[in-house]
Amino acid sequence: MTDQNMTDQAPADFTTPDGVEFTYLASDNPRIPVAEHPFRHRQPVQMRFTDIDMLGHLNNNVYLTFMDLAKVEYFSHALPDGMDWRSINAVVVHIDVDFFAPSYFNETLEVWTTISSVSTHSFTMEQRIINASTRQTKCVGRTVMAGFDPKTATGRAIDRAWVDEVAAYEHRHI
């Protein structure tokens, strides 16, 4: 799949001098929190018939699956050498999702992803799933990931070189 950064289908709020486009994904729904940081990465996702529940809309657990897929793609684009999945150095320690509107079969959805904050031992990702045509926000998710050493199965600090690479991708201090 090609890089899912902004395209003609996704209007940008601003463009950097080197042509990188960002959006804040504005919403007219007052219940949806305003994004603290703009989004650069988007990942189109495809729902399957089995993703639909008895009420006729996308089952809530599928949103988490879509967000996981988008996390992988985000890091594949944000890190110059991509992700080395044999040496995972961060694990999910918390996820929360607020749902704002149902999604229905054949709706075209996208997951937008950004890193909203980084501390010494963890970082927080914000993800928004939206209807690609109407731009309606379906849900907003936040995932906290902590540094992890798989050899010792203990926590560790987030690699500062990694932070610098992600900051360069995001075009901002994180």
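Mentor: Buried means under 20% relative accessible area, exposed means over 50%, and partly exposed lies in between. Keep that in mind, as this is a predicted model.

Trainee: Which residues of helix H1 are called buried?

Mentor: Val-62, Tyr-63, Phe-66, Met-67 and Ala-70 are buried in H1. So are Lys-71, Glu-73, Tyr-74, Phe-75 and Ala-78.

Trainee: What do the buried residues of H1 pack against?

Mentor: They pack against strands E3 (41–45), E4 (90–99), E5 (109–118), E6 (122–131) and E7 (137–149). Helix H2 (160–170) is also a partner.

Trainee: Where is Leu-64, and why is it called partly exposed?

Mentor: Leu-64 sits in H1, residues 60–78. Its relative accessibility is 32%. The partly exposed class lies between 20% and 50%, so Leu-64 counts as partly exposed.

Trainee: What makes Leu-64 part of a nonpolar patch?

Mentor: Patch members need over 30% relative accessible area and no salt bridge, and nonpolar side chains are joined within 5 Å. Leu-64 has 32%. Leu-64, Val-92 and Ile-95 form the patch on the surface. Together they have about 210 Å² of accessible area.

Trainee: How do you know that the span of H1 is close to the expected one?

Mentor: H1 has 19 residues. From its first C-alpha to its last, H1 reaches 27 Å. At 1.5 Å a residue, 27 Å is expected. The two values are close.

Trainee: What caps the N-terminal end of H1?

Mentor: Asn-59 does. A side-chain oxygen of Asn-59 lies 3.0 Å from the backbone nitrogen of Asn-61. The cut-off for a polar contact is 3.5 Å, and this pair is within it.

Trainee: Why is His-57 called buried?

Mentor: Its relative accessible area is 18%. Buried means under 20%, so His-57 is buried. His-57 is found in the loop between E3 and H1. Leaving aside neighbours within four places in sequence, His-57 is in contact with Asp-51, Ile-52, Pro-102, Ser-103 and Tyr-104.

Trainee: Why is Arg-128 called buried?

Mentor: Arg-128 has a relative accessible area of 2%. The limit is under 20%, so Arg-128 is buried. Arg-128 is found in strand E6. Not counting residues up to four places away in sequence, Arg-128 touches several residues, including Leu-25, Phe-39, Glu-110, Trp-112 and Cys-139.

Trainee: What makes Pro-33 a polar partner of Arg-128?

Mentor: The backbone oxygen of Pro-33 lies 2.8 Å from a polar atom of the Arg-128 side chain. A polar contact needs N or O atoms within 3.5 Å. The pair meets that distance.

Trainee: Is Gln-43 buried or exposed, and how do you know?

Mentor: Gln-43 has 2% relative accessibility. Under 20% is buried, so Gln-43 counts as buried. Gln-43 is found in strand E3. The C-alpha atoms of Gln-43 and Met-67 are separated by 9.1 Å, with their positions 24 residues apart along the chain counted as the separation.

Trainee: Why is Ala-153 called exposed?

Mentor: Its relative accessibility is 54%. Exposed means over 50%, so Ala-153 counts as exposed. Ala-153 is found in the loop between E7 and strand E8 (154–155). Ala-153 has a positive phi of about 55 degrees although it is not a glycine.

Trainee: Why is His-171 called partly exposed?

Mentor: His-171 has a relative accessible area of 37%. That falls between 20% and 50%, so His-171 is partly exposed. His-171 is found in the segment after H2. Its phi is near 60 degrees, a positive value in a residue other than glycine.

Definitions and conventions
Residues are numbered from 1 along each chain as its sequence is written. This is a predicted model: local features need pLDDT of at least 70, side-chain atom pairs count only at pLDDT 80 or more; totals for chains, interfaces and linings use all residues. Side-chain values use heavy atoms; hydrogens and water are left out. Patches are made of residues with over 30% relative accessible area and no salt bridge: like charges are joined within 9 Å, nonpolar side chains (Val, Leu, Ile, Met, Phe, Trp, Tyr) within 5 Å. Accessible areas come from the Shrake-Rupley method with a 1.4 Å probe; for residues, only the protein chains shown count as cover. A salt bridge is a side-chain nitrogen of Lys or Arg within 4 Å of a carboxyl oxygen of Asp or Glu. Helices (H or I, at least four residues) and strands (E, at least two) are DSSP runs, numbered from the N terminus. Buried means under 20% relative accessible area, exposed over 50%, partly exposed in between (1.4 Å probe, protein chains only). The expected span of a helix is 1.5 Å times one less than its number of residues. Contact means heavy atoms within 4.5 Å. A polar contact is a pair of N or O atoms within 3.5 Å; within protein, one must be able to donate a hydrogen and the other to accept it, and residues adjacent in sequence count only if both atoms are side-chain atoms.
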